[in-house]
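The exercises below are meant to be worked through with the sequence and the structure side by side. Each one sets a task and then gives a solution in steps.

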Amino acid sequence: MKIESWIFGSGVFFFVPVSLVYGFLTNWGEWVGILGILLVGGLAGMIGGYLGFTGKRVGMRPEDRSDAEIHEGAGEQGHFSPWSWWPLVLGIACATGFLGLAVGWWIVFIAAGLALVALIGWVYEYSRGDHAH
């Protein structure tokens, strides 16, 4: 994950000067764009930092080595839950939350409760029932 962390980490060194140039060109009158670009730089730094720490923990992947063979990257890439309904419930809760922003604030509270239930259900999916570990 060395190249991914380098790409995202270098986004900080791109977006912070761009936000300063943007602020200069708009005479510091348009703060939403300046703050938005700064936040994109911060997000790129957080992703780059996470990928860097994960790369140190996981070690070298076949994609990181120039002498690697194609078959070294074959096999299981992670753990996924193809039978889980919780991502659908969480997506419905998020869609309901955006509906609440457009229609009425009282819907947002219902969506937040549904999102909390869906997130807890998704996290603890393997702690109980048929798939408990």
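**Exercise 1: the first helix pair**

In this model, helix 1 passes helix 2 in a left-handed crossing, and the model itself is a predicted one. Work out how helix 1 and helix 2 are oriented to each other, and which residues make their contact.

Solution. Begin with the geometry: helix 1 covers residues 2–25 and helix 2 covers residues 31–58, and the two pack at an angle of about 165 degrees with their axes 7 Å apart. Angles over 145 degrees count as roughly antiparallel, and therefore helix 1 and helix 2 are roughly antiparallel to each other. Next, look at the contact, to which helix 1 contributes residues including F8, F15 and Y22, while helix 2 contributes, among them, I34, I37 and L51. Finally, sort the residues of this contact by class, which gives 13 nonpolar, 10 polar and one charged.

**Exercise 2: the second helix pair**

Determine how helix 3 and helix 4 are oriented to each other, and describe the make-up of their contact by class.

Solution. Helix 3 (residues 86–103) and helix 4 (residues 105–123) pack at an angle of about 165 degrees, and their axes lie 8 Å apart. By the cut-off of 145 degrees, helix 3 and helix 4 are therefore roughly antiparallel to each other, and helix 3 passes helix 4 in a left-handed crossing. The contact includes W86, L90 and I92 of helix 3 and W105, L114 and W122 of helix 4. Its residues divide into 18 nonpolar, four polar and no charged.

**Exercise 3: the largest pocket**

Find which residues line the largest pocket.

Solution. The largest pocket holds about 160 Å³ of space, and its lining consists of M1, R61, P62, E63, E72, G73, A74, E76 and Q77. Sorted by class, this lining has three nonpolar, two polar and four charged residues.

Notes. Residues are numbered from 1 along each chain as its sequence is written. This is a predicted model: local features need pLDDT of at least 70, side-chain atom pairs count only at pLDDT 80 or more; totals for chains, interfaces and linings use all residues. Side-chain values use heavy atoms; hydrogens and water are left out. Axes are lines fitted to C-alpha atoms, for helices over the stretch in contact, and angles run from 0 to 180 degrees between N-to-C directions. Helices (H or I, at least four residues) and strands (E, at least two) are DSSP runs, numbered from the N terminus. Angles under 35 degrees count as roughly parallel, over 145 as roughly antiparallel, 65 to 115 as roughly perpendicular and the rest as oblique. A crossing is left-handed if the near helix is turned anticlockwise from the far one by less than a right angle, and right-handed if clockwise. Contact means heavy atoms within 4.5 Å. Ala, Val, Leu, Ile, Met, Phe, Trp, Tyr, Cys and Pro count as nonpolar, Asp, Glu, Lys and Arg as charged, and the others, Gly among them, as polar. On a 1 Å grid over the protein atoms alone, a cavity is a set of points where a 1.4 Å probe fits but cannot get out, and a pocket is an open set with protein on both sides within 12 Å along at least five of seven lines; lining residues have an atom within 4 Å of a point. Grid points are joined across faces, edges and corners, and a volume is the space filled by probe spheres set on the points.
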